[in-house]
Amino acid sequence: LADLCIPNPCENGGMCNAATDGYHCSCQDGFIGKNCGTSKCLCDSDPCENGGTCNHAPGGYQCNCADGFIGYYCQTDLCDSCPCENGGTCNHAPGGYQCNCADGFVGDYCQTGKFRYLCASIPCQNNGSCVPQAGNYSCLCADGIVGLNCETANNIDPCTETKCLNSGTCFSSGSHFNCQCVAGWLDEFSTWLLDWCQVYLCSPNPCENGGICNAATDGYHCSCQDGFIGKNCETSKYMCNPSPCENGGTCVPETGNYSCNCLDGFEGMNCSIGKLNLCDPNPCKNGGMCNHAPAGYQCNCADGFNGDFCQTDLCASNPCQNIGTCVPQAGNYSCLCADGMIGPNCEIGKERMVDIPCKNSGTCVRKSGGKFSCDCEPAFNGTFCENANKIDPCMETECLNSGTCFSSGSHFNCQCVAGFKGINCEIKISDLCNPNPCENGGTCNAATDGYHCSCQAGFIGKNCETSKDLCNPSPCENGGTCVPETGDYSCNCLGGFEGKNCSMGLCDSDPCKNDGICNHAPDGYQCNCADGFVGDYYLCASNPCQNNGTCVPQAGNYSCLCADGMVGPNCEIDICDPSPCENSGTCVYKPEGNFSCDCKPAYTGTLCEIANNTDPCTETECLNSGTCFSSGSHFNCQCVAGFKGVNCEIKISDLCNPNPCENGGICNVATDGYHCSCQAGFIGRNCETSKYMCNPSPCENGGTCVPETGDYSYLCDPNPCKNGDMCNHATAGYQCNCADGFVGDYCQSDLCASNPCQHNGTCVPQVGNYSCMCADGMVGQNCNIDLCDPSPCENSGTCVRKVGGNFLCDCEPAYTGTLCENANNIDPCMETECLNSGTCFSSGSHFNCQCVAGFKGVNCEIKISAKWRTKKPHRRSGKLTYDDAKQVCVDDGARLAEIKSADVQDFITTQLTDLDPCMNGGSCMDKINQFTCNCTDGYTGVTCQTDLCPCENGGTCNHSPDGYQCNCADGFVGDYCQTELCTPNPCQNNGTCVPQAGNYSCLCADGMIGPNCEIGEESMIPCENSGTCVRKPDGKFSCDCEPAYNGTLCENANNIDPCMETECLNSGTCFSSGSHFNCQCVAGFKGVNCEIKIS
């Protein structure tokens, strides 16, 4: 028989195994089918979001997420929650994200200022103002104060260190000075470092075009050559180049000025005002168009309108009779007549045409559209030839002044000779200007159509009768104010502008140097200098920033961008000199003025202050001849061949003994465990699943399928689910309901096995997930963030990790504040009064009152007035105690007998050490006529009776030398356990919040998973081939498959020919491919089943 495995029929890297029924392919992950030719398709749908890469994995697939994304599908963008504070920008980075902080902030989340909150700690003393800089701050000190933090009073007269050159006089006020310079010298400094009054404003000469510079008390003045004006003689008086005249006006040069000859219709200094602003607003009504004309304006009317202003609607009264329709025409109208009606206004019925023919033998001529006309005899005229035309109208008319008469029917027209007009040529044209009809100084000009008036500026109208408000609209530019004058106007210009219309700006010549911005000012203009410039001097020219710092120009100032490890206004402070690292650690410069310590192997800690004397290999055993290697506090076991595990405790060959492969499968040892080569008819990691099943039933014609070994009915016996989990029968076989913290088709993956929680965090199993319970001072999803690395505490303060993701700073005595950011330079005895002649002693920020005999208390405010009786006490063997409330000694619970006052000293001397008035573990110290209680941590009061513990919400207080520490109840965090993590509820989609130690976890509703139940399982493990995802209890699911598919995810195609279950209508032919079919329709039909007739 031929070997069916040669050549290898198994595709996609599958392994061929000969079998009694032919061969069997052991497929690689992600492939199924007889020949491994079918992809499980889990990666075909590209389920990984945000650039994640899909890789086949046992039981499904796995997404390798792009930088900055996490989640089963890489669906969670770590930057979406905006973790970067104080204006920081979140950028994706390998393993998470990174915050690019705004100037002045550092830290993983930009939560901390450069000197830890920068100006928030109010570092500037003596009423100085804190000014944030790039990664730093500077102090603007009050008068008479100097120093980095305004800490030093400056009693030196600044005039003793300042030179006012060129006969300038120095005046001082506190730490400030002012140089009063002589005329022509600049009275402002040109740099911080140079002297004053050294800039002579006339050198070099600022006056242009031959102007002469004259020094003045307010700077300088230019005496300009003829024809030039302006502060620097920069403007020509002859201002016709370029021409300022608008709207086609002609510029006429004049001495020190110009004038414009304007075209018709425009006026004003620059011809900018249309006389025929008579057209604005438009005087023409009903859509008429206003056009400029020599005498003013003219309206071109829309069809159907006439009148000077197009005010008459010719169709408004509907002149068309007998239901005729009026049609607008250009300057006229016409009538569209109803049937049977004719005439210009539809006034004639057609039936009357026979009865009313043309009169006086006129001939009726029919026209198109039901019209007609009458062709009259020579002696008659009119529409119907009704008028006798017997008299030549020129016989009765005289055309005067040599005019000639012409007649047409009953009409005449006089053609006048030059110089005359009128119906009878009776008007002499030249007479129209005598007397002059033009008002307000207008000039009359005779014209063929009468006369025209040339009006003076400021007047309009046919006879110049209308005064024009030349200030409406205002011709004044750049905010100038227009002042009306008789027939004219003038402009009051704002500072920095000049000219008739304020059109010339003093800033137009760009007098400001070095990219300075010129702004108009009441007395001319003012230069706003670019960052880093003052006067002509560039503050960064000499680079005042030390230690390779970069000078950054600021408005009228500069700041320094310091190199790594350098701080201070001029980067003058090296944070590694002297080195803060202990035990020979090396100080390493970091960005943003930070540092870290590179410790010797025997030391750890932020400053290498912790000795690391224990070799982890001395406490660890590598089994089975494994070799231990240590690095600091870590160890690694290098196993010999055949063993693996953290301690080499797992023998690789043991995984096949006993044989885990079921149904005759062969176990093969592999580097990652073992692989099963299954017998024909079985699949699965342990060959536990039969390929032959009764669902759907293979029995035809009503036969009953009887399950046998390997059928689904027996898939849960023995239980294939690992780690003690429950096997449930399902439609496609079985399904494993995994215990908390386990996932996978067989619950084979223990999410907490590799302990993803860093920094000694504890992995807590959840339903289909895990959460991390972090060690003190650690936060983050996997406890990956150490709040004390780098240390946020300043001024050598020690960062102390606290419960619930908090920390506090243990400050040196000279500093206070949350981050030890405040220097405590005030002697506490200056603000403290020790009463009753007590003496105050201070140490750093602490004080102690030493009381005289008979007084006690923090401020010696308590008078010791022990109430002793007048008789000696009975001496008993019982222990003496002190009743603090009643201030009496008690012997075994009973009061002492009275003693004499003279015996008090003897009693105190002999018995006080036997008393114990101090509560809560306090120690009693015997003093003259009094005692003092040294209280244990967390208690205060004369007798240590007051507990300082402020812990809320059931937190337990642990006392410590610096006060107390709250151990919070599950689900609470904060210095006082004041924050409840489950309020408001962070668990989404009806999830239940479960308090944990310093954290919380979410118990998710059915079908939801994720740290906050934010992910629906149907989106994580989609059913293939149109299968429907059905949620199950405990967050499980199953897939309801289409008839042609089976499998846990409907990934397996049934072997039934889909054409057996499909009918192609209208003689169509069915073709199948796998589980798909296609109907090839005959001509005239279309559709999935050829059900649509193409019509």
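**Exercise 1. Describe the link between cysteine 493 and cysteine 502, and say how exposed each partner is.**

Begin with the sulfur atoms: those of cysteine 493 and cysteine 502 are 2.1 Å apart, and the two residues form a disulfide, a term used here for a pair of cysteine sulfur atoms within 2.5 Å. A disulfide is a covalent bond between the sulfur atoms of two cysteines. The angle about the S-S bond comes next, and at -90° the link of cysteine 493 and cysteine 502 is left-handed. For exposure, buried means under 20% relative accessible area, exposed over 50%, and partly exposed in between, with a 1.4 Å probe and protein chains only. Cysteine 493, with a relative accessible area of 29%, is therefore partly exposed, whereas cysteine 502, with 0%, is buried.

A note on the model belongs here: it is predicted, so local features need pLDDT of at least 70 and side-chain atom pairs count only at pLDDT 80 or more, while totals for chains, interfaces and linings use all residues. Residues are numbered from 1 along each chain as its sequence is written, and side-chain values use heavy atoms, with hydrogens and water left out.

**Exercise 2. Work out which parts of the chain the disulfide of cysteine 540 and cysteine 551 ties together.**

The sulfur atoms of cysteine 540 and cysteine 551 are 1.9 Å apart, and the pair forms a disulfide; with -70° about the S-S bond, this link is left-handed. Cysteine 540 lies in the loop between strand 54 (537-538) and strand 55 (550-554), and cysteine 551 lies in strand 55, so the pair ties together parts that are 11 residues apart in sequence. The strands named here, like the helices, are DSSP runs numbered from the N terminus, with at least two residues (E) for a strand and at least four (H or I) for a helix. Both partners can then be placed by accessibility: cysteine 540 counts as buried at 10%, and cysteine 551 is buried with a relative accessible area of 13%.

**Exercise 3. Set the disulfide of cysteine 562 and cysteine 571 beside cysteine 82, and find how many disulfides are counted.**

The sulfur atoms of cysteine 562 and cysteine 571 lie 2.2 Å apart in a disulfide, and the link is left-handed, with -90° about the S-S bond. Cysteine 562 is partly exposed at 21% relative accessible area, while cysteine 571 is buried at 0%. Cysteine 82, by contrast, is in no disulfide, since the nearest cysteine sulfur, that of cysteine 90, is 7.8 Å away and a disulfide requires sulfur atoms within 2.5 Å. Cysteine 82 counts as exposed, at 59% relative accessibility. The count of disulfides comes to 56.

**Exercise 4. Identify the residues with the most contacts inside the largest nonpolar core, and the strands that supply it.**

A nonpolar core is a set of buried Ala, Val, Leu, Ile, Met, Phe, Trp, Tyr and Cys residues joined through side-chain atoms within 4.5 Å. The largest such core has 15 residues, and those with the most contacts inside it are Tyr258, Cys260, Cys482, Tyr489 and Cys491. Strand 24 (257-261) and strand 48 (488-492) each supply at least two residues of this core. To look at one member, take cysteine 482, which touches Leu470, Cys471, Ser474, Pro475, Cys476, Tyr489 and Ser490, not counting residues up to four places away in sequence; contact means heavy atoms within 4.5 Å.

**Exercise 5. Find the salt bridge, and state where its two residues lie.**

A salt bridge is a side-chain nitrogen of Lys or Arg within 4 Å of a carboxyl oxygen of Asp or Glu, and the structure holds 1. Arginine 801 forms it with aspartate 786, the closest N and O atoms being 2.7 Å apart. The pair links distant parts of the chain, with arginine 801 in strand 79 (residues 798-802) and aspartate 786 in strand 78 (residues 785-786), 15 residues apart. Arginine 801 counts as partly exposed at 35% relative accessibility, whereas aspartate 786 is buried at 12%.

**Exercise 6. Locate the lysines whose charged ends sit over tyrosine rings.**

A charge sits over a ring if NZ of Lys or CZ of Arg is within 6 Å of the ring centre and within 35 degrees of the ring normal. The charged end of lysine 34 sits over the ring of tyrosine 23, 4.3 Å from its centre, and that of lysine 231 sits over the ring of tyrosine 220, 4.7 Å from its centre.
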